[in-house]
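Trainee: Could we go through this model together, feature by feature? I would like to learn how to read its loops and its sheet.

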Amino acid sequence: MDSSESTSPGHPSPSSPPRRRFLNAFLGGGTFALLGAIFYPVLRFILPPEISEAATSSVTAGQVGDLKPGSGKVFRFGNQPGLLVMTAAGQYKAFSAVCPHLQCTVQYRADMSQIWCACHNGTFNLNGQVVSGPPPKGLEEYQVDLRGTEIVVSKA
Ligand code: FES
């Protein structure tokens, strides 16, 4: 028996180049996929998506019926958060949800009927003016229009 034709487990015979080429290609592809899986999320984090200024001047913040009176929700306004509130009287109000103090995201507190920043307990009334806490100025207010069933928020 020729020793070069041995097929003992764990010791591939030198006469199997197709299998070796397959394994090399398989491992090379796996390495490429691993590097892609590592670096793609890092690149997405470092390079945020481009959003044109025109696209951020007006957005659909929700649908009529999404909010009950005395409630609010955060929506995406371009690459910034916005806050849509339906007052107890049923009027829609919208603001930038970026706190002017240290840029935390504010939220509507139904129990206080105010807008609240959890970071340093800043509060704003439903006109966006500072009621208490460290924010140096009020929230930027947006214009709200109804187009059919859509609630459209625009920068004034
Ligand atoms: S970041 Fe909002 S009160 Fe400080």
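Mentor: N121 lies in the loop between β6 and β7, where strands (E, at least two residues) and helices (H or I, at least four) are DSSP runs numbered from the N terminus. This is a predicted model, in which local features need pLDDT of at least 70 and side-chain atom pairs count only at pLDDT 80 or more, while totals for chains, interfaces and linings use all residues. Residues are numbered from 1 along each chain as its sequence is written.

Trainee: Is N121 buried or exposed, and why?

Mentor: A residue is buried if 20 or more other C-beta atoms lie within 10 Å of its own, exposed if 12 or fewer, and partly exposed in between, with C-beta atoms placed from the backbone. N121 is exposed because 10 other C-beta atoms lie within 10 Å, and its phi is positive, at about 65 degrees, although N121 is not a glycine.

Trainee: Which loop holds A118, and how should I class A118 by its neighbours?

Mentor: A118 also belongs to the loop between β6 (114-117) and β7 (122-124), and A118 counts as exposed because it has 12 C-beta neighbours inside 10 Å. Its C-alpha is 9.8 Å from that of C99, although the two are 19 residues apart in sequence.

Trainee: What is the phi of S113, and where does S113 lie?

Mentor: S113 is a residue other than glycine with a positive phi, near 55 degrees, and its place is in the loop between β5 (107-109) and β6. S113 counts as partly exposed, because 13 C-beta neighbours fall inside 10 Å.

Trainee: How are the strands of the open sheet ordered?

Mentor: Strands of a sheet pair through backbone hydrogen bonds, either parallel or antiparallel; two strands are taken as paired if DSSP finds at least two bridges between them. Here six strands form an open sheet in the order β1-β10-β9-β4-β3-β2, with antiparallel pairing. Its edge strands, β1 (58-63) and β2 (71-77), each pair on one side only. The twist averages 30 degrees from one strand to the next, where axes are lines fitted to C-alpha atoms (for helices over the stretch in contact) and angles run from 0 to 180 degrees between N-to-C directions.

Trainee: How many bridges join β9 to β10, and what lies between these strands?

Mentor: Five bridges join β9 to the antiparallel β10 (residues 150-154), with D145 opposite V152. The two strands form a hairpin with two residues between them, and G148 in the turn has a positive phi of about 65 degrees. β10 is also joined to β1 by five bridges, Q63 having E150 as its bridge partner.
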